[in-house]
Amino acid sequence: MSGMTKVSHLAQIHPSAEIAEDVEIGPFSVIGPKVKIGRGCRLYNNVTIVGDTRIGEYNRIFSGAVIGTEPQDLKYVGELSFVEIGNRNTIREFVTINSGTVANNGSTVIGNDNLMMSYCHIAHDCVLGNGIIISSGAMMAGHVVVEDFAVIGGGAGIHHYATIGLHSFVSAMSGTRTDVPPFMLAEGIPAKVRGINIVGLKRHGYSHDQIAAIKEAYRAIYRSNINFRDAVKNLEDLCTVFEEVKMLVDFLDQMEKGRKGRYRELTRRY
């Protein structure tokens, strides 16, 4: 640890832990021997980081968060497992993030610029992209993938092996058993697509034409009386012009090939 690092004398830092410059660690925090923390991170009081956990730069981790503990999975038998967290994430009070298992190369991975609000749980082998918002009390089972800029509402539950698509929105208290396509808004128990995430798309700079194309695709797929394959044929021209529509169609095609609406379920090894 460098001289610029500020560590409370009430914190317990293992001498083998690697703590970069300009890190602040508050009282009663516990940092294990295999932990690596990048520069500029701030850990408030009572933060626990254990296991083989690598944390990037300028993350803020609030009171009561627990990161790097063993996966809550009976197939785990003590093999090497990791948590990898990128840069500029905000991890609020009492968030729990478990390490991975051999089923996903041993890693739980979180990207950059994400907000994980209080009491949310990220289970073993989850992979989160960038710019994601996970509201308080949301729960992700193992092997969930959340793509960039998705929003998960408070108290929502995400089924294992589900994929939450790019710029999608899962409403609060929803029970998500299948993949959620990109740009869509899903709600209910079980969660179903109810519309498109117009607010999110506008906030991230999507043009009027792009949003109109996504709306047209949504109406063709979800609001017409024709089957999915016929709807896709009618969208061929839009797919050529708008990458977003092609992305949506490709995602839905994978869902159909998957198991119970979860295409990544086919990758299960157990």
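## Two buried loop residues and the parallel strands around them

At 0% relative accessibility, Val144 falls under the 20% limit for burial, and it therefore counts as buried in this chain. The model is a predicted one. Val144 belongs to the loop that connects β20 (139–140) with β21 (145–146). Leaving out residues up to four places away in sequence, Val144 touches Asp125, Cys126 and Val127, then Ile158, His159, His160, Tyr161 and Ala162, and also Arg264. Between the C-alpha atoms of Val144 and Asp179, which stand 35 residues apart along the chain, the separation is 9.5 Å.

A second loop residue, Ala138, is placed between β19 (133–134) and β20. Ala138 has a relative accessibility of 0% and so counts as buried. Which residues does Ala138 contact, once its neighbours within four places in sequence are left aside? They are Tyr119, Cys120 and His121, together with Ile152, Gly153, Gly155 and Ala156. Pro15, by contrast, lies 123 residues from Ala138 in sequence, and the C-alpha atoms of the two are 34 Å apart in space.

The chain that holds these two loops has five helices and 28 strands. Its radius of gyration is 20 Å, which is close to the 18 Å that the globule rule gives for 270 residues, so the chain is as compact as a globular protein of that length. Along the principal axes, the C-alpha atoms fill a box of roughly 65 × 40 × 30 Å. Of the 270 residues, 53% are buried, and among contacts with a separation of 6 or more, 32% are between residues 24 or more positions apart. The accessible surface amounts to about 12,600 Å², and carbon and sulfur atoms account for 52% of that area. The charged side chains number 28 positive and 28 negative, with the centres of the two sets lying 5 Å apart.

Among the strands, eight form an open sheet with parallel pairing, in the order β3-β6-β9-β12-β15-β18-β21-β24. Because β3 (18–19) and β24 (163–164) each have a single partner strand, they stand at the edges, and one side of each is left without a neighbour in the sheet. β21, the strand that follows the loop of Val144, is a member of this sheet. Within it, Arg54 stands opposite Glu84 in β12.

Another open sheet is made of 11 strands, and its pairing is mixed; the order is β1-β4-β7-β10-β13-β16-β19-β22-β25-β27-β28. Its edge strands, β1 (6–7) and β28 (192–196), each pair on one side only. β19, which precedes the loop of Ala138, is one of the strands in this sheet. Where β13 pairs with β16, Ile91 has Met116 as its bridge partner.

The table sets out parallel pairs, including those that hold the residue partners just described.

| Strand | Partner strand | Bridges |
|---|---|---|
| β9 (residues 52–55) | β12 (residues 82–85) | four |
| β13 (residues 90–91) | β16 (residues 115–116) | two |
| β8 (residues 48–49) | β11 (residues 66–69) | two |
| β11 | β14 (residues 96–98) | three |

Strand β11 takes part in two of these pairings, joining β8 by two bridges and β14 by three. On the β8 side, Ile49 stands opposite Ile67 in β11, while on the β14 side Thr69 stands opposite Asn98.

Methods: Residues are numbered from 1 along each chain as its sequence is written. This is a predicted model: local features need pLDDT of at least 70, side-chain atom pairs count only at pLDDT 80 or more; totals for chains, interfaces and linings use all residues. Side-chain values use heavy atoms; hydrogens and water are left out. The radius of gyration is taken over C-alpha atoms; the globule rule is 2.2 Å times the number of residues to the power 0.38. Buried means under 20% relative accessible area, exposed over 50%, partly exposed in between (1.4 Å probe, protein chains only). Contact means heavy atoms within 4.5 Å. Accessible areas come from the Shrake-Rupley method with a 1.4 Å probe; for residues, only the protein chains shown count as cover. Lys and Arg count as positive and Asp and Glu as negative; His and the chain ends are not counted. The place of a charge is taken as NZ of Lys, CZ of Arg, CG of Asp or CD of Glu. Two strands pair if DSSP finds at least two bridges between them.
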